[in-house]
Amino acid sequence: MTSTTTPAPEAPAREENRAARLITDGMDPAKVIVAVSVGVGLAQHNRITGVLWAVEAVIFAAVIPLLLIERGKRAGKWDDRHVGQVQRRKALIPAIMASVAVGIGGMLVLDAPRQMVALAAAMVATLAVILVPTSLWDWKISVHTAVAGGALAMLALTWGPLVWLASPLVAVIAWSRISLRDHTLAQTIAGAAAGTVTAGLVFAALTA
């Protein structure tokens, strides 16, 4: 008697979820914030000073928020660092906004370049827009796609329109969030739109 081994039907789904998880974790908001901060910092007249200001932005917009999230995980407030529970986001988003606002205060006091201040202000504005549907309708807009879209907008305004060629990356991130069932298609589209428009408008207005 001969037997044939057929792959388990769940195998393709597992591979897809593995890829989605790698993308979600590898292109999470904190990493994208590091990239856009350094990107804007390198565009300053003095690149070394610009990168130092980028480090300051990263500390208040990425490092401190990550520490808050890790503290919440240890306390059992949420299950993972992406904070999937919409109710928990209502408290976390304002805390992150406060951290970035403190960073902006330091930039203003120490006379940071206008673009670096605009970068941080755009981050706060984007979080404020995301917070509205989260608070009012318990609708969980994708922070992943919002940050990615906003980063592209600010880098395009800084370095030129060719940056928009990287737009498919936002779609890839959206796919990962949908595949993991952390967001719906509408939530990823709303996030990308909110981040791109809000961050782009604020950054453009403050650097004009």
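**Figure 1. The order of elements along the protein chain.** From the N terminus on, this predicted model runs α-α-α-α-α-α-α-α. That makes eight helices and zero strands. Of the 208 residues in the chain, 45% count as buried. If we take the contacts between residues at least 6 apart in sequence, 74% of them join residues at least 24 apart. The accessible surface comes to about 10900 Å², and carbon and sulfur atoms account for 68% of that surface.

**Figure 2. The largest cavity and its lining.** Two cavities of 30 Å³ or more are counted in this model, and here we look into the largest, with a volume of about 500 Å³. Its lining takes in helix 2, helix 3 (47–74), helix 4 (86–109), helix 5 (114–137) and helix 6, each giving two or more residues. Helix 6 gives the most, with seven residues. In total, 31 residues line the largest cavity, and those nearest its centre are P29, I33, I96, V143 and V147. By class, the lining of the largest cavity divides into 23 nonpolar, four polar and four charged residues.

**Figure 3. The second largest cavity.** This view moves to a space of about 30 Å³, the second largest cavity. Helix 3, helix 4 and helix 5 are the elements that give two or more residues to its lining. The residues to look for are E56, A57, F60, A61, V100, G103, I104, M107, A120 and M123. Eight of the lining residues are nonpolar, one is polar and one is charged.

**Figure 4. A close look at A120.** Let us stay with one of the residues that line the second largest cavity, A120. A120 has its place in helix 5. Is A120 buried or exposed? Its relative accessibility is 4%, and the cut-off for buried is under 20%, so A120 counts as buried. Once neighbours within four places in sequence are set aside, A120 is in contact with V100, I104 and M107. These three contact partners also appear in the lining of the second largest cavity, where V100, I104, M107 and A120 are all listed. A101 is worth finding too: A120 and A101 are 19 residues apart in sequence, with their C-alpha atoms 7.9 Å apart in space.

**Figure 5. The second largest pocket.** Here the view turns to a pocket with a volume of about 150 Å³, the second largest. Which helices each supply at least two residues of its lining? They are helix 2 (29–41), helix 6 (143–159) and helix 7. Helix 6 gives the most to this pocket, with four residues. The full lining is M27, V32, A35, V36, A148, A151, L152, L155, A166, L169, V170 and I173. Sorted by class, these are twelve nonpolar residues, with no polar and no charged ones.

**Figure 6. Helix 7 from end to end.** Helix 7 covers residues 168–179, and at 1.5 Å a residue its twelve residues should span 16 Å. The C-alpha atoms at its ends are 16 Å apart, so the model agrees with the expected span. The buried residues of helix 7 are V170, I173, A174, S176, R177 and S179. A helpful reminder for reading this view is that an α-helix has 3.6 residues a turn, so residues three or four places apart point the same way. Two of the buried residues, V170 and I173, can also be found in the lining of the second largest pocket. Helix 7 is followed by R181, which has a positive phi, near 60°.

Conventions
Residues are numbered from 1 along each chain as its sequence is written. This is a predicted model: local features need pLDDT of at least 70, side-chain atom pairs count only at pLDDT 80 or more; totals for chains, interfaces and linings use all residues. Side-chain values use heavy atoms; hydrogens and water are left out. The expected span of a helix is 1.5 Å times one less than its number of residues. Buried means under 20% relative accessible area, exposed over 50%, partly exposed in between (1.4 Å probe, protein chains only). On a 1 Å grid over the protein atoms alone, a cavity is a set of points where a 1.4 Å probe fits but cannot get out, and a pocket is an open set with protein on both sides within 12 Å along at least five of seven lines; lining residues have an atom within 4 Å of a point. Grid points are joined across faces, edges and corners, and a volume is the space filled by probe spheres set on the points. Ala, Val, Leu, Ile, Met, Phe, Trp, Tyr, Cys and Pro count as nonpolar, Asp, Glu, Lys and Arg as charged, and the others, Gly among them, as polar. Contact means heavy atoms within 4.5 Å. Accessible areas come from the Shrake-Rupley method with a 1.4 Å probe; for residues, only the protein chains shown count as cover.
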